[in-house]
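Colleague: Could you take me through one part of this structure slowly? I would like a close look at chain B, with each term explained as we go.

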Amino acid sequence: MSVPLLEIKDLHVQVEGKEILKGISLRVEKGQVHALMGPNGSGKSTLSNTLMGHPKYQVTQGQILYRGENLAGLKTDARARAGIFLAFQYPTSIPGVSVANFLRTAMKARFGEAFQPKEFRKTFKAAMAELGIDEGFATRYVNDGFSGGEKKRHEILQMKLLKPELAILDETDSGLDIDALRTVAEGINHLRGPELGILLITHYQRILNYVQPEAVHVLINGQIIRSGGKDLAHELEAKGYAPYEVLKEPPKEIVSK
Amino acid sequence: MSENKPFEINKNYEQEYGFHSPEQYVFKAKRGLSKEIVEEISWMKSEPDWMRAFRLRALEHFNRKPMPAWADMSLLSQIHFDDIYYYLKPTEKQEKRWEDVPEEIKNTFDKLGIPEAERKFLAGVTAQYESEVVYHSLHKDLEKQGVIFLGMDDGLKKYPELVKKYFGTVIPAADNKFSALNSATWSGGSFIYVPKGVKVAIPLQAYFRINAQNMGQFERTLIIADEGSSVHYIEGCLPAGEQVSTGQRWVNIESIRPKDTVLNSDGEESAVRSARVRQYRGELLTIKPISSGNAFQLTPEHPVLAVPREEVRVPRKARKSWLGEVSTKKLLATEPRFIEAGKLHRGDFLVFPISQIVKDDPKLTVAALRLLGYYLSEGSTFVHRTLRMPVVTFSFGSTERPLIEETKRLIKEITGKRAMEVADRKKHGVSVLVYSKPLMDLCLEHCGKWAGTKELSKTVMDLPPEKQAHLLETYLLGDGSRYQRTHTMVRASTASKNLARQLQELLARQGHYATISLRKGGPDTILGRKINRKDQYILYYSPEKQMGEVRRRGNTFLVPVKEVQRAPYEGPVFNIELDHSPNAYLARGFAVHNCTAPVYASDSLHSAVVEIIALPHSHIRYTTIQNWSKNVYNLVTKRAIAHENATVEWLDGNLGSKLTMKYPGVCLVGRKARGEVVSVAFSGKGQHQDAGAKMIHAAPETTSTILSKSISKDGGRTSYRGLVKVYPQADHVKSSVRCDALLMDELSRSDTYPTMEIDAEQVQIGHEATVSKVGDEQIFYLMSRGLKEQEATTMIVNGFFEAFTKELPLEYAVELNRLVQLEMEGSVG
């Protein structure tokens, strides 16, 4: 059996002493799109931040294996250089740093010697054109004064240029009007391929109308309580998360092992 | 067995490697400040009477004025005004063409990248070396248009009326304590006049630098833009002054830049690939050879060229505390190799290369060298105050008859004058003295002035060893003593560290390895008189055999290690990496691999005054990038007068210094005049950047903008101190002030002290201040794109400064970003 791209085993995560993720297991193979759905406060963003190695999120139990290797102890930047990418739900602004400068530096970090500074302008321009982004974008400051849609498109642009092997999209669909949603979804579909695994984290089903997942998981109160095919998403859309909320309090002995 | 290949020291040893510039001062005033010193400075410069009077009045103001009450007295009170040299003059005259600039000074400038800069884009450059402007050139087109760009001293000589009309009109001597100090002691700086309607398209630039310990620098700049003209002036206070030794000479290692050439341990020239400073915490080693004055410091991982004792020992066992005996045959047959400093032991052999450079100078005759030897040990020079005559004097003991006679004979031979002999019976001394300017010049040029700073010129260091032998002989007759142990030993002592090392080098060329040891100074009693003894460097050698186990191997000496000391250290370490293997250079005469630790010079004072006059419809921009070393007090007064519809912009970047107090101001005296200050400050550990701006609105419809950005880190402190004043009748004034402070950690501090005095109606005043911290989320975001933590922080900081850097010419923007990067290194992780 081949090594999965991402394998999460019984992952427990604390934030400031409070346990948010309570034993998650998940496998994502190369070329697959997995949707992770859940209501607010279920631990979706905790998972994406933990995967990216945010220092505030503490793994207390379990493992994250990326291409078979344990990510524990690997810093955020090393994870990024190894090909993990997180599209942020709320990308932060960096005043005074231009998008072009930021992306050039990021590409240099990601590709090292293989990065061709001379090619950068061309690659960058072409990528912007494909995503329908205006050229003036290049000289604006990173996320500074961007609209919601611009921020999300900027994330997809980075994903396109940094060519990750595992992309975690954290509610990339939230806060977008229908046109912006379509553009972003198209961008994601455009990037799909046999080498890329995607973990698509979302609150709503609607993006799944555009991006067809191989699997859907439901995250409630720090645990994956159901997994299934794409039909599961429709079921959630119809019934909401309420029927699952009953299971909100898992038996005590599970919480404390 | 490996081939016994001698170390060959390249013929160009001095040019290529000895990149410290020996201080060849024509005149070095005494420490401290007095009426006499001020008069002497004025006299040396042959100034007009009004300037001398101006200086003297300023001195009175300086003495009378208190320190500013609101200043950071915890730092300011540490300045010892009596300990400072107020004037140094490195060469006789200002140079016009780059080729004519003396080699030593040129080398210093090479490290600043000036020649490239000049070739590429400069219109004109003045560079201040110590106090005087020594190099200056102006684009021919500008010269034709009547643009004047001179050193301030030259400006005063050539355009006395113009200078007299404006000098001290914007900033009177009595403005504050430091402007008074500058007015009394000023030297160097720039004088610029741009005629009516002339637009100077390329920036005029100047570089300032403090090179000597306890040196004050008091440059004075005056810029006049006539009606409708425009000019951009840039001053760089770039290289830091921390001195470390990487060779026979003291070198500012942190000012070495990529592409500089140094000599590697094979004696071949090698380009520097990169020069770095990093924060280091851990063990620092002091390697003391048997000559403790040649001790050097480095981090344990840095390799040193050596022969381990273990490998060259005779088979017999070591006895008690004695080290195992060494076989000279084995020692000389073993090829030295690089060994990590941490693995060096007492008794291992270090490699001391002997300079092979020989360049004769027929002007330095045998007689001259013999007299210089006497001067070095017994001589001094001064200018007789009432007679105003240059004096060279030699002091001997009354029993040293042959020496006195020879000195008199040599003086006669060299100057043609008869020397006077003055006996001091009380002290059993005899002085030989002569009034001679040429002799004074000769002595100052080749030997320096005060006992503690005497140093030989490069010319002397390069002479054939046979000639140098004469200087050594007479020097040792004066300062040396000979005595008999099992062999004849010679001992000499000097208060000058540099001289001790130079004498060691000269003796090495004679085939003798001399040790240097330090005798610490302090209070002492001689013949019942209490004196304060200076540190003495004592040279020892035997003309009959090598000291102890020292052996000569080709063009090197092998010198045993006496002691390896280990001590914890926290602070920056400097490192240079060479282009080619072997990646090694020389430290205090010994070959080591890259890396050595800094030795801080004592504090220095920089107190400049800049006056700007913007006549109607003119435009002046003044840019400063200040990166003084962290022991410089940078207390500068800068002010402009803007007449009708004129614009003055101050761009002010402060990264270095211990304490900066600087508030560039614009007095808006004509209708519609405009003033702008963009200032950025970076304050690290132990630093306080107290910067700001003053805008004086004295005419209607005038506008001003102040943008201040500051970053504090590792307990550094930044302050914004600003004044916006609007006089009555100055209607329709607009002013906006914005201060942003960024704190890198909890230890650091930032304050704002804005003052607004508004006495007019119909004014628009805006003030905005923010303090923020570098956000964890920003760092996480950048790291999630593959940037290392430090790269992420640097990017955020550079972004914060962007409003400033985007206004700079590209070269300066790049330089500023590089400096910020250096400052940020070691701050995280």
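How many helices and strands does chain B have?

Modeller: Happy to help! This is a predicted model, in which local features need pLDDT of at least 70 and side-chain atom pairs count only at pLDDT 80 or more, while totals for chains, interfaces and linings use all residues. Residues are numbered from 1 along each chain as its sequence is written, and chains are lettered from A and ligands numbered from 1 in the order in which they are written.

Chain B has 21 helices and 46 strands; these are DSSP runs numbered from the N terminus, with helices being H or I of at least four residues and strands E of at least two. Of the 829 residues in chain B, 51% are buried, meaning that 20 or more other C-beta atoms, placed from the backbone, lie within 10 Å of the residue's own.

Now for the inside. The largest nonpolar core has 180 residues. A nonpolar core is a set of buried Ala, Val, Leu, Ile, Met, Phe, Trp, Tyr and Cys residues joined through C-beta atoms within 7 Å. Strand S36 of chain B, residues 632–642, gives the most to this core, with seven residues. Among the residues with the most contacts inside the core is B:Ile192. Leaving out residues up to four places away in sequence, B:Ile192 touches B:Ile148, B:Phe149, B:Leu204, B:Ile223, B:Ile224, B:Val231 and B:Tyr233; two residues are in contact if their C-beta atoms, placed from the backbone, lie within 7 Å. Another core, of 70 residues, lies apart from the largest one and includes B:Leu305 and B:Ile354.

Terms used:
A residue is buried if 20 or more other C-beta atoms lie within 10 Å of its own, exposed if 12 or fewer, and partly exposed in between; C-beta atoms are placed from the backbone.
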